[in-house]
Amino acid sequence: MSSQIDHLLTETRRFAPSPEFAASAVGTAELYERAAADREGFWADQARELHWHKPFSQVLDWSNPPFAEWFADGELNVAYNCLDRHVEAGLGDRVALLWEGEPGDDRAVTYGELTDEVKRLANVLTELGIEQGDRVAIYMPMIPEAVAAMLAVARVGAVHSVVFGGFSADSLRTRIDDAGAKLVITADGGYRKGKVSPLKPAVDQALADRGAGPQLTVEHVIVVRRGGNDIEWNDERDLWWHDVVPAASPDHEAQAFPAENPLFILYTSGTTGKPKGILHTSGGYLTQAAFTNRVVHDLHAETDVYWCTADIGWVTGHSYVTYGPLANGATQVLYEGTPDTPHSGRSWEIIQKYGVTIYYTAPTAIRSFMKVGRQVPAQYDLSSIRLLGSVGEPINPEAWMWYRKVIGGKKAPIVDTWWQTETGAIMISALPGVTETKPGSAQVALPGISIDVVDEEGNRVGEGNGGLLVITEPWPSMLRGIWGDPDRFVETYWEKFQKQGYYFAGDGARLDDDGDIWLMGRVDDVMNVSGHRLSTTEIESALVAHESTAEAAVVGASDETTGQAVVAFVIIKQSYLDAHSPDGLATSLRQWVGEQIGPIARPRDVYIVGELPKTRSGKIMRRLLRDVAEGREVGDTTTLADTAVMSVISAQLK
Ligand code: ATP
Ligand code: MG
């Protein structure tokens, strides 16, 4: 089967950075030249922006692919880089975290205060017997202690596994057992959607009743008081953060660890199947997280107020809340709750309150803001914003334009950043002071990163064609493996293009005539209709461009005549639902897609639904919709935000 993906939509709008923006931008055109001339030297320069207790002499060791080592004989301490060195440089009074609780309580934490807290917690960890290489599970709300916990674990050379606070006791248990965690750091509860969502009870449940399952490895649980909810207490095992941390010594000297010391395990979102436990290490990861945060987000640490809305339970929260911004000495907003609590203008209220200059969020959030309408953000002063970012899914041109006009005041450049849990940091993005941006395209590989689009055999498809996205050279923040499963690591990412030594990302992509990259959705989701390979992204974009549609997901379902047929699930804006019949809407949408992109893409079925199945990080799980469309039993739903959604959708289809 050909891997060519038929390209159906056209987009001709272009936005160049303003001369003022370009003049003071952190990322410049010279970076591309430097990296092209000497890739490893380029990354060595970026690594030297960090503090190395022991400098490295070798940059990359790729003698045993696909197992890379970066800066391997160098030694550093990740937490020292994010904290102490700023304090030692006289920046102890700079605010690191502008924390906003969901109920409206707030707290500013300086670099000095955060360093003090992390040092004390590091002493507690050592007293509890946590050593280099031990695993610690973190299951917390978005509060400053969550960031402190990650850094304290890193400081003592241990490995964290952050589990999203919205996950069930079962998911937590699986992750604790998979990592063999010795310690869990949690809170009694945190605020979500206007009420306290309990966490400690889920930890108790995850640690209880082991039955015939794996033996319990957890020795202690540290608990932050946040929700004030009633919890049970195990005197032998549980410790209150407020008892042990303030009582611990504030003196803690950061020890140096090898660059390849494991830093964290983190599970992928589970969009395409069972989540994979991705392993990242220290020196290369921190180098690329910090570098990309500077050049892609155009971070001027002295003046910017940065806000990345990701939860620390996702890789975006690791690289662009905790590690990148703190390594760069940034001041950032950390928000505990959901963007629609207690009202739909909450995000804009926070931007106005703190004067946020850089705002980084996901297309799913942007589409939900669009659904509510531009009159909501219009009530707030968003003029401080000078850069917008998007991550997690392809951003439809329609949503991109709305983001630019309504949130960015038609002036802030938008960076659409493509990357994965596995890549550790941004790989494809515009540089906001250099690149002329195009709505819907993630555009170009960053300096020092080698990306290509190839066919099934690994041959370059060339400009104007679609195929499979690959990374052709190792990169500093690349995953070092799947925890406990080296075979799955090789199979999943490296076997397909073993001959060429390429990393296979699992995403379809297209190169346009300018050589810009367009992400076309998961390769697993590409549809084959009468021999035409169609991308989910393009048909969804066309559906969302219709005035009645708030959101859309498209899948290929088996079809007797065409092989596969396009089946669309759409959420209609309330005002349209009130005024039109569902059948009429479905017919107009089928026709609309036919007009926008051609008859071949016209959906066989359009189902109007109230919700779409999404991961907790907001990605659409098309594989579950395909199960429904083909009448199969629905697959793994453990990372679904709302597991009831699937039965509602199935019922609607009957
Ligand atoms: P799993 O691997 O378990 O199926 P996942 O791939 O959703 O889950 P993540 O690592 O969180 O887990 O997501 C990475 C994926 O998100 C990418 O492979 C890509 O499909 C999508 N993605 C991220 N950013 C972008 C972007 N800017 N444009 C298009 N797609 C993106
Ligand atoms: Mg993936």
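Is Asp-235 buried or exposed? With a relative accessible area of 66%, Asp-235 is exposed, where exposed means over 50% relative accessible area, buried under 20%, and partly exposed in between (1.4 Å probe, protein chains only). The residue sits in the loop between β11 (220–224) and β12 (238–240); helices (H or I, at least four residues) and strands (E, at least two) are DSSP runs, numbered from the N terminus. A separation of 15 Å lies between the C-alpha atoms of Asp-235 and Leu-183, which are 52 residues apart along the chain.

A few conventions help in reading what follows. The model is predicted, with local features needing pLDDT of at least 70 and side-chain atom pairs counting only at pLDDT 80 or more, while totals for chains, interfaces and linings use all residues. Residues are numbered from 1 along each chain as its sequence is written, chains are lettered from A and ligands numbered from 1 in the order in which they are written, and side-chain values use heavy atoms, leaving out hydrogens and water.

Turning to the ligand, 20 residues surround ligand 1, and Thr-268, Ser-269, Thr-271, Thr-272 and Thr-421 come nearest (near: a heavy atom within 4 Å). By class, this shell holds four nonpolar, nine polar and seven charged residues, with Ala, Val, Leu, Ile, Met, Phe, Trp, Tyr, Cys and Pro counted as nonpolar, Asp, Glu, Lys and Arg as charged, and the others, Gly among them, as polar. Strands β20 (414–417) and β25 each supply at least two residues of the shell. An N or O atom in the side chain of Thr-268 is 2.6 Å from an oxygen atom of ligand 1, and the side chain of Thr-421 likewise places an N or O atom 2.6 Å from an oxygen atom of the ligand. From Thr-417, a backbone N or O atom lies 2.8 Å from a nitrogen atom of ligand 1. Of the 640 Å² of accessible area that ligand 1 has on its own, the protein covers 94% (Shrake-Rupley method, 1.4 Å probe).

Strand β25 also belongs to an open sheet of four strands, ordered β21-β22-β24-β25 with antiparallel pairing; strands pair if DSSP finds at least two bridges between them. Its edge strands, β21 (451–454) and β25 (517–522), each pair on one side only. Within the sheet, five bridges join β22 (residues 466–471) to β24 (residues 503–511), and Gly-466 stands opposite Arg-510 in β24.

Finally, helix α13 (residues 346–354) has several buried residues, including Trp-348, Ile-351 and Tyr-354. Gly-355, with a positive phi near 65°, follows α13.

Note on methods:
Polar contact = N/O pair within 3.5 Å; in protein donor to acceptor, adjacent residues only side chain to side chain.
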